[in-house]
Amino acid sequence: MTTTITETHGVDPTPTPLALLLLGREADPNSERGVDCPGDLPPASDPNLVERARAAKAALGDRVFILGHHYQRDEVIEFADVTGDSFKLARDAAARPEAEYIVFCGVHFMAESADILTSERQQVVLPDLAAGCSMADMATAEQVAECWDVLTDAGIADVTVPVSYMNSSADIKAFTGKHGGTICTSSNAQRALEWAFEQGQKVLFLPDQHLGRNTAVRDLGLSLDDCVLYNPHKPNGGLTVEQLRDAKMILWRGHCSVHGRFSLDSVADVRERIPGVTVLVHPECKHEVVAAADMVGSTEYIIKALDAAEPGSKWAIGTELNLVRRLAKAHPDKEIVFLDRTVCFCSTMNRIDLPHLVWALESLVEGRVPNVITVDPETEKYAKAALDRMLALP
């Protein structure tokens, strides 16, 4: 789903009905799970929302710790105690044991990671349970178990090490931990893959094919021929036994719906429109886009690069629009634009809005703990094992 940017150098979308849907301000019952909040969800038009959020947060004091992912709306980020990527936020939550409630303004898999890393006395709250992740949903526990059976039948499971991106469900992290693998972020994917190839001959990379492919080819020096794509919707993943045995990287057919839509045309177009522009993209982008960019890096890398950039420099950023827009506002001395003329918001991330945050905080003040995210002990045990392996990486 797309919406068009009307200004040549702008980063804001046209406020069409489709844009409102992508922002989470409308609902499509045919494609979204939707959530009915117990009690009354404050209307977005309530002029007292900001004051209500401040009052509820003040009433809770140190009992609450609010995490805000970089892709969240400004209205939510305003109330975050810390901002960051998913793993940084989960670790920040674990470092605040005095907080009874962790309100995670992000998506479901992030809240799961926070629950895994925090203590039993802490409760993790997701203001809207419909805030999921399409990439994480592209790999289910059943599908991955079936894939492992395929690798076993091909005689390669015992030399294959699973590496799962942080953007995965607790079930997939647990699978990874149970089979001797590790988790990675977009910042440490190279180290994770190097470690995995020291343990075995092949890697099963879940669930983002683009991060796996880009890291293997750009950072490890493998070839595209060393990579095969496993499609869980096809028998044997759509691959022959020979293809599986010859491959070094078995990539899961998953992707980020935001980063995956940037194209070579996007890069060519922005270079034509803005001479001298530096194209900086996230490694979840397609391989051809990453190859055509000037710089590639994680969300934290992008933020640091722009912080260090020279005044007057020109940048086209290939990542989620909320962050790009926030960076443009934070650096008025630089020209910072969204890479594409059309944008696709992370619609589920954007479901966390000020009304949902106010509802969650006021519920806590009233003694009700809404939308608690809990990972069962068995899943937590193996997921934490995979996370611990990542933390032990050099």
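Visitor: How many helices and strands does the secondary structure of the protein come to?

Guide: This is a predicted model, in which local features need pLDDT of at least 70 and side-chain atom pairs count only at pLDDT 80 or more, while totals for chains, interfaces and linings use all residues. Residues are numbered from 1 along each chain as its sequence is written, and side-chain values use heavy atoms, leaving out hydrogens and water. Helices (H or I, at least four residues) and strands (E, at least two) are DSSP runs, numbered from the N terminus. On that basis the secondary structure comes to 16 helices and 16 strands.

Visitor: What percentage of the residues of the protein count as buried?

Guide: A residue is buried under 20% relative accessible area, exposed over 50% and partly exposed in between (1.4 Å probe, protein chains only). The protein has 394 residues, and the buried share of them is 57%.

Visitor: What share of the contacts with a separation of 6 or more comes from residues 24 or more positions apart?

Guide: Contact means heavy atoms within 4.5 Å. Among contacts with a separation of 6 or more, the share from residues 24 or more positions apart is 67%.

Visitor: In what order do the strands of the five-stranded open sheet stand?

Guide: Two strands pair if DSSP finds at least two bridges between them. The pairing in this sheet is parallel, and the edge strands, S7 (182-184) and S9, each pair on one side only. Neighbouring strands are turned by 25° against each other on average, direction ignored (axes are lines fitted to C-alpha atoms, for helices over the stretch in contact, and angles run from 0 to 180 degrees between N-to-C directions). The order is S7-S6-S8-S10-S9.

Visitor: Which residue is the bridge partner of Tyr165 in S7?

Guide: Strand S6 (residues 160-165) runs parallel to S7, and three bridges join the two. In S7, the partner of Tyr165 is Cys184.

Visitor: At what angle does H8 run to S6?

Guide: Helix H8 covers residues 189-199. It lies across S6, S7, S8 and strand S10 (249-252), and its angle to S6 is about 165°.

Visitor: Is H8 roughly parallel or roughly perpendicular to H9?

Guide: H8 and helix H9 (residues 209-219) pack at about 80°, with their axes 10 Å apart. Angles under 35 degrees count as roughly parallel, over 145 as roughly antiparallel, 65 to 115 as roughly perpendicular and the rest as oblique. The angle therefore makes the two helices roughly perpendicular.

Visitor: Which residues in H9 do Ala189, Gln190 and Leu193 in H8 meet?

Guide: The residues of this contact divide into four nonpolar, three polar and one charged. Here Ala, Val, Leu, Ile, Met, Phe, Trp, Tyr, Cys and Pro count as nonpolar, Asp, Glu, Lys and Arg as charged, and the others, Gly among them, as polar. On the H9 side, the residues met are Leu211, Gly212, Thr215, Ala216 and Asp219.

Visitor: What is the omega of the peptide bond from Leu206 to Pro207?

Guide: Pro207 is found in the loop between strand S8 (202-206) and H9. The peptide bond from Leu206 to Pro207 is cis, with omega near -20°.

Visitor: Which residue in S13 stands opposite Thr278?

Guide: Four strands form a further open sheet, with parallel pairing, in the order S12-S11-S13-S14. In it, strand S11 (residues 278-281) pairs with strand S13 (residues 314-318) over four bridges. Opposite Thr278 stands Trp315.

Visitor: Is Asn371 buried or exposed?

Guide: Asn371 is found in the loop between helix H15 (354-365) and strand S16 (372-373). Its phi is positive, about 50°, although it is not a glycine. With a relative accessible area of 13%, Asn371 is buried.

Visitor: How many of the ten residues of helix H5 (residues 108-117) are buried?

Guide: The buried residues of H5 include Phe109, Met110 and Leu117. H5 is largely enclosed by the rest of the structure because its buried residues number nine of the ten.

Visitor: What distance separates the C-alpha atoms of Met349 and Val107?

Guide: Met349 lies in the loop between strand S15 (342-343) and H15, and at 3% relative accessibility it counts as buried. Leaving aside neighbours within four places in sequence, its contacts include Val107 and Met110. Met349 and Val107 are 242 residues apart along the chain, and their C-alpha atoms are separated by 5.8 Å.
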